[in-house]
Amino acid sequence: MEAVLPHGHHAAPAGLWRWLASTNHKDIGTLYFWFAATMFLIGGLMAMLIRAELFQPGLQLVRPEVFNQLTTLHGLIMIFGVIMPAFTGFANWQVPLMIGAPDMAFPRMNNWSFWLLPVAGLFLIGSTLLPGGAVAGGWTMYPPLFMQGGISYDLTIFAIHLMGASSIMGSINIATTILNMRAPGMALMKMPLFVWTWLITAFLLIAVMPVLAGAVTMLLSDRNFGTHFFDAAGGGDPVMFQHVFWFFGHPEVYILILPAFGIISTVIPTFSRKPLFGYASMVYATAAIAILSFLVWGHHMFTVGMPAAAQLFFMYATLLVAVPTGVKVFNWVATMWRGSLTFETPMLFAVAFVCLFTIGGFSGLVLAMAPVDIQLQDTYYVVAHFHYVLVTGALFSIYAGLYYWLPKWTGHRADETWGRWHFWLSAVSVNVLFFPMHFLGLAGMPRRIPDYALQFADFNRVASLGGFVFGASQILLLIVILKCLRGGEKAEARAWEGAEGLEWTVASPAPYHTFTEPPEVK
Amino acid sequence: MRLGRQVLWMACWAGWVQPVVADWALNLPAPKSDIAVRIYDIHTLILLICLGIFVVVFGVMFYALFKHRKSVGHQAHPFHEHTSVEVIWTVIPLLILVGMAWPATRAVLDQKDTANPDLTIKVTGYQWKWEYDYLQDGVKFISASSTPADQIANQAAKGPHYLLEVDEPMVVPVGKKVRILLTSHDVIHAWWVPELGVKQDAIPGFIRDTWFRANEIGTYRGQCAELCGRGHAFMPIVVEVKREVDYQAWLAAKQAGKQAKAVAAAAAAGKSFGPAELKARGEKVYAAHCAACHQADGKGLPGVFPALAGSRMVNGPAAAHIDRVLHGKDGSAMTAFQDQLDDADLAAVITWERMAWGNTGSPVQPTDVKVLRK
Amino acid sequence: MNTTGNRRTSLRLTLLSAAMFAFGFALVPLYDVFCDLTGLNRDAAQALANNTQVDASRSVRIELVANVQDGALWRFAAPRLPVEVHPGELVRVEYELENLSDRPLVGRAVPSYAPLAAAAHFKKIDCFCFREQHLAPHEKVRLPVLFVLDRGVARDMKVVTLSYTFFALGKRT
């Protein structure tokens, strides 16, 4: 089908203008990935500095206020600058290819939603140079602490507005594309699971990013225009910010993991050479998780002092999330069961995801228990929990997806040897990095502290060593990608033996324009 | 509980963990209140259940990973649905969750039950210290970190309770229900003592309560658990649990001390001191109350906390300087110290600031401070 | 490609996001409604409960607490001793407020209760927290609160705290 198109149609415009003005979903997807990679480098270096400071007790490298800036920026950058843009990169590249659409529904808006991000990133990182330094009140931005900062706090709010606008526009685009531009014959329940998870994620983003925008707008107005939304002196309540923030914040957690479920549900069947087990229940489980995410925000606030009835409600609602999540894990295991398994790099990351994400899920279950959470709230146990979910969960799924689709995007197979080294070094060191944090939290180490009591020294040293190895290992990924871009073993249209789906029916690398004639899906 | 601990050891089989070393603590600290015991047991129960599920599910997965690979010639069986299996693995986790939630529900209700306390203590969080106010007994004091700055800066060996030691601990009687009323003076803090199983946020403008009943005499240490700015790591909590008689003795001494202190302060207020005496006393007061922001070297933090070394106010007329320390500065982090320090301490610390780090201000006497009090 | 369909879908999604932005702000009044329903953070006069009979069979100890945010400007003090009241009984207590500064000041007290469950049972007939307080330099005033702890208060709730935090107004912190 591609072959019949006139040759000129394939050519991409050259030079810088191609990237600045691009409306092509593949180019924009690529831009999203490079943006995420850049921010990952910056956020990662901050993490290295944090781990270096925590290598031993006492203050060595940074002053406490700088440490607080590092943890705050690390959180904001990794969430809004790495995981979310990387998943949007996948959506841009893969959603049109997987549903047989020629491009996104609104290509120009697509360009606009990307280019807001570097501006926001610049504001965020540039604020470190302002007097008083960057924002240091934690990525959760709780007032009244957030009221004490300088101009960089206002700039951060502006950056969050920009990133929110970018996400909302991107999500409207993705949802419209999925709802209206599927190839003939592709019913909703025939869509690849990755597309399903992104459709649900897009709805979550459209529903909660505006709430975050509202919350930070109120902060901005409290800071600058004399309102008292969160100030007890004027009849406001600082705890209300936490309610509004986590009403956004918990769905946000699932925004960061649902596309990961989609990628894993694509990779595992390919390398098991078997269709995904329980497709329908996967879709329902994803939807159930999304709906439940609106009912559990209070579990982030068990220690603010809420009535017992509210604590119990949030505890039970949170425990319910474990049911659909469990269904997903069981389905992945059942997909591998009696398959014909091979372990190329994407599959290695996918299997590690299933194991390690489950550890993050279990620690989530521990934290869901309100009485235990009272003990563990704001400790390193929580840090361990969300890094298992976001690093060995979301980030590992991004790695799996990258290794899986790189052949389609570049036309070259990723170097397996380097890929395996990247996997094994990452998978081992990430556990050395984050597993001891469970013990630190249980033993009583609070999070967000630049210095700690002597009994926490041993595990902190171990975690830091793991962190340095993990950080260094990510250079291997960059090498793999650069090698892949420059050459390597040619990939066929169907790059993997067991791969199913429309994206494998077009050539590798995917031509600049694909599916200008919609394919027929049976 | 014992079983849970053993399983935990086993769970940490991985090579880098050596549970024989005391500091490599793997679990919650030994609980010293009934609530803390409950938390410990619920945690152990959930951990065991999770471990069981983990072993079963990933046992199955790893079996497949080894036996169902292409390289051993395994053919794929393309099944992709099984309704009854799917129903089973939805319902069973649901039942397990209910089983887990039941003990937790009862613990939540007990944690919230602050009725019938034997003693109520109001705790106020400040950036970055705690104030304890024994409401019925008229005893009130500030409790700040007593870890010396040179230990934090790695210029001295760190003590055994590094960052977990205070100048004046909170003291409570053993076996008595202590109700804690929490509020904050500035930003949100959280009062947390792990061994007593109690953590509660302190919210400015609002009051929250929680409680504990310590089962054993001892010293229990905790920390602020909510990010509250640059000194967040440096506002520890120390609770000394004493026998009832010892507690009463402490209380009496505290009340007597308050009067004696008032008398001494009154005497000191009228007395005048030599500059050396003032500076020696002032340096200590400065380290405890001022160095967190203005830094031990008086250089402050550019853009955040002003420098005192070379400051115009510190080198200028004494009255403005005294006024600032007494009454704070509106709209800044500079608090009013008039209620926290007596005239002699204030005169000493102001003198220290005026004469240290190359400053050339004049010394200040307690009487100078007294006349400027409002 | 169906461009009108795309436009319609995107319009709906945009409306949804606008509605959610509004909802973010609506959470503020909704939170107040929630607080009123549960009795948290009440700061307006409440009608007396229909049944004003005094339950003399039990008494509750009410601890009175005062906090002040700007200690340099004000002295704000609660009666030092707790009061023992019978549920249903009309109680009057007085707080003290003093302007320590040389200029007139405006401030307001914000009430708070512990345990949280007690809040719903505090019926304040009159309270200084309903009004802003204007104090001349060095003026000292006594501030009365008139309230009833209604008979619905749980039997095992034997100690209840009524707390006020005093804030200066007209100044940005």
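## A three-stranded sheet in chain B

Let's start with strand 4 and strand 10 (residues 236–242) of chain B: these two pair in the parallel sense, with four bridges between them. One of the partnerships links Pro173(B) to Lys242(B) in strand 10. Keep in mind that what you're looking at is a predicted model.

The pair belongs to an open sheet of three strands, ordered 4-10-9, with mixed pairing. Strand 4 (170–173) and strand 9 (218–223) of chain B sit at the edges with a single partner strand each, so one side of each has no neighbour in the sheet. On average, neighbouring strands here are turned by 25 degrees against each other, if you ignore direction.

## A five-stranded sheet in chain B

Chain B also has an open sheet of five strands, and its order is 3-2-1-5-8, again with mixed pairing. Its edge strands are strand 3 (139–143) and strand 8 (208–212), each pairing on one side only. The twist from one strand to the next averages 25 degrees.

Want a pair to look for? Strand 1 (residues 119–126) and strand 5 (residues 178–184) of chain B run parallel and are joined by seven bridges. Ile121(B), for instance, has Ile180(B) in strand 5 as its bridge partner. As a bit of background, strands of a sheet pair through backbone hydrogen bonds, either parallel or antiparallel.

## Helix 6 of chain B

Helix 6 (residues 275–289) of chain B is 15 residues long and spans 20 Å from its first C-alpha to its last, close to the 21 Å expected at 1.5 Å a residue. Leu278(B), Gly282(B), Val285(B) and Tyr286(B) are buried in this helix. Helix 7 (291–294) and helix 10 (343–355) of chain B are among the things that cover those buried residues.

## Nonpolar cores

The largest nonpolar core has 256 residues, and Phe80(A), Phe90(A) and Trp332(A) have the most contacts inside it. Helix 13 (residues 380–410) of chain A gives the largest share, 21 residues. A second, separate core has 38 residues, including Val172(B), Trp250(B), Leu251(B) and Phe305(B).

Back to Phe90(A): leaving out residues up to four places away in sequence, the residues it touches include Phe33(A), Phe194(A), Ile398(A), Trp405(A) and Trp409(A).

## Where the chains meet

How many residues of chain A are in contact with chain B? There are 102, and they meet 92 residues of chain B. About 8400 Å² is buried between the two chains, with carbon and sulfur atoms giving 71% of that area. On the chain A side, Phe330(A), Arg338(A) and Gln375(A) lose the most area to chain B, together 8% of what that side buries.

Notes. Residues numbered from 1 in each chain as written. Chains lettered and ligands numbered in written order. Predicted model: local features only at pLDDT ≥ 70, side-chain atom pairs only at ≥ 80, totals over all residues. Heavy atoms only, no water. Pairing = 2+ DSSP bridges. Axes fitted to C-alpha atoms, helices over the stretch in contact; angles between N-to-C directions. Expected span 1.5 Å × (residues − 1). Buried < 20%, exposed > 50% of the residue type's maximum accessible area, 1.4 Å probe, protein only. Contact = heavy atoms within 4.5 Å. Core = buried A, V, L, I, M, F, W, Y, C linked by side-chain atoms within 4.5 Å. Buried area = accessible area lost by both parts, 1.4 Å probe.
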